[in-house]
Amino acid sequence: MNTQLAGTGALLRLALRRDRVMAPVWILVVAMLVLSLPGSLESVYGTAAERERLLATMATNGSLRALYGPVFGDSTGALTAWRGGVFAGLLAGVMSLVIVVRHTREEEESGRQELLSAAMVGRRAPLTAALLAALTANAAAALLVTAGLAGRGAAGALALGLGIGATGMLFAALAAIAAQLAESARLAKGLTGAFIGAAFVLRAAGDAGAPDGGSALTWVSPLGWLEHVRAFATERWWVLALFAAASAAQLAAAYALAARRDVGMSFLAARPGPARGRLGSAGALAWRLQRGTLLGWSLGFLAAGVVFGGMTDGATELVGDNARTREIIERMGGQAGQAGQGVLADAFLATMAGMLAMVAALYIVSAVLRLSAEESGQRAEPLLANAVGRLRWAGGHLAVAFGGSALILLLAGLGLGIGHGEDIGGAVTATLGQLPAVWVIGALAGLLHGAAPRFAVGAWAVAGAALALGWVGPALNLPQTVLDLSPFAHLPKLPGGQDPSWAPFVVLTALAAALLAGALTALRRRDLAA
């Protein structure tokens, strides 16, 4: 046995055990995003004439091609690949970066990797185990997608499943490189996330200008490769070789970099100080630690708002007089039963505001759980040994998390209004109106950290479940009792003509405050995590 890989099996079992909650949730979200589509698509585009109209509309609708990509066939399977393929690949990439960085750079930051490496563990074993954990998750998602769509064409189902899994593994290899370069898990995730975002933007720009997806920009992006697998429409199996070649090259680079550095070290070293500005309080330190991440999220939400706002007219054109599509959009965006393009545009904007808010829940969970990273990395203990109380320390990070979520939703609303070109104030109100639900999820993450830090990672599952319910629940026509499990389901959908009730805003805000009070009380009473 290669001594460089000694202990890989044990580390893989440890990784899978640690991910036994998080990974299945991610896998189900990726798979259900695709498997929830065929039934709703058949009800929306049930006739050949409706499908032909869709293909004709998409050929001239660049704004929607930027979001979904081009349509390569008129079968239900081809429409499923069109609507869900890119987003499933995107989520698979995020899942992969979280898994790889968690079991590489996060382990080194916490000091656990140094202890493990003192035993019979080879130099390449930690990275190999992390990549195998990502491979297991992506293979499971690919298998679920393939099995779920096999009845609509075995070849197309296999092509789509393999394409989604291959996309996830390509970004897993990229995360492995970032874990060698970056000094912290936060920076490694940020770098990989930036590449994933760039891949989406390149694909969107290419598809917006080329109805057949033949733009050079599309071929630069791995998400564009996923489109060009053309599942359920004259499959291009050779495109999968591009994923294999790119992943192999990135893995070779990751292993070469890992061999050239010591445990805990990085190629992008920390800036040696002195730090500029004032760090005279725990809140100022929290701001310094989280401002880069908040800046990235803010720019991303502003850009996303502009893009989605600009798509409003194209979306209403695509919907046309299709009653089923109107029903789904109105169920996600409110104002059911009313008519008119203006009402449908408001419903679409409300849908986009809700979706952006659900993604903002991922930001607030990440920002709140920075407390866990500081504590497990043993950076909180020296700080608390001085004249800094636990409440001041936690309060600084919570202020950034909750204030930052308000900022990114404000910018998202501005982007929606600017992109749509009408009623900027209404768009801002729509996004900020979702803030209490975002705060509830953030407060729950704080409660898990304060009361049960070992299970704080479960906050990701809560945010993922809310995202899944909001994204695919209306399309699946799930019962309202199921949809009501998400805090977002209780808020009025804005913009709209009706006057919203203040009760849901007050109740959810009070619930968030109560959860935060419980979180701070529990944190004050327990010992710091070892």
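Helix 2 and helix 9 (residues 125-149) pack at an angle of about 25°, and their axes lie 9 Å apart. The model is a predicted one, in which local features need pLDDT of at least 70 and side-chain atom pairs count only at pLDDT 80 or more, while totals for chains, interfaces and linings use all residues. Residues are numbered from 1 along each chain as its sequence is written, and side-chain values use heavy atoms, with hydrogens and water left out.

The angle of about 25° makes helix 2 roughly parallel to helix 9 (roughly parallel is under 35 degrees, roughly antiparallel over 145). Axes are lines fitted to C-alpha atoms, for helices over the stretch in contact, with angles from 0 to 180 degrees between N-to-C directions. Helices are DSSP runs of H or I with at least four residues, numbered from the N terminus. The two helices, 2 and 9, cross in a right-handed sense (the near helix is turned clockwise from the far one by less than a right angle; anticlockwise is left-handed). On the helix 2 side, Ile27, Leu28, Val30, Ala31, Val34 and Leu35 meet helix 9 residues including Ala137, Ala140, Leu144 and Gly148; contact means heavy atoms within 4.5 Å. This contact of helix 2 with helix 9 comprises 12 nonpolar residues, 1 polar and no charged (Ala, Val, Leu, Ile, Met, Phe, Trp, Tyr, Cys and Pro are nonpolar; Asp, Glu, Lys and Arg are charged; the others, Gly among them, are polar).

Helix 2 (residues 22-35) also packs against helix 6 (residues 76-102), at an angle of about 170° and with axes 8 Å apart. Helix 2 and helix 6 are therefore roughly antiparallel, and their crossing is left-handed. Among the helix 2 residues that meet helix 6 are Met22, Trp26, Val29 and Leu33, and the helix 6 residues include Phe87, Leu91, Met95 and Arg102. The contact of helix 2 with helix 6 divides into 15 nonpolar, 2 polar and 1 charged residues.

Helix 6 leads on to the internal spaces. The structure holds 4 cavities of 30 Å³ or more; on a 1 Å grid over the protein atoms alone, a cavity is a set of points where a 1.4 Å probe fits but cannot get out, and lining residues have an atom within 4 Å of a point. The largest cavity has a volume of about 180 Å³, the volume being the space filled by probe spheres set on grid points, which are joined across faces, edges and corners. Its lining has 18 residues, with Phe72, Ala81, Trp82, Leu226 and Glu227 nearest the centre. Helix 6 gives the largest share of that lining, 5 residues. By class, the lining of the largest cavity has 14 nonpolar, 2 polar and 2 charged residues.

Notes: Parallel < 35°, antiparallel > 145°, perpendicular 65-115°, else oblique. 1 Å grid on protein atoms, 1.4 Å probe; cavity = no way out; pocket = protein on both sides within 12 Å on 5 of 7 lines; lining within 4 Å.
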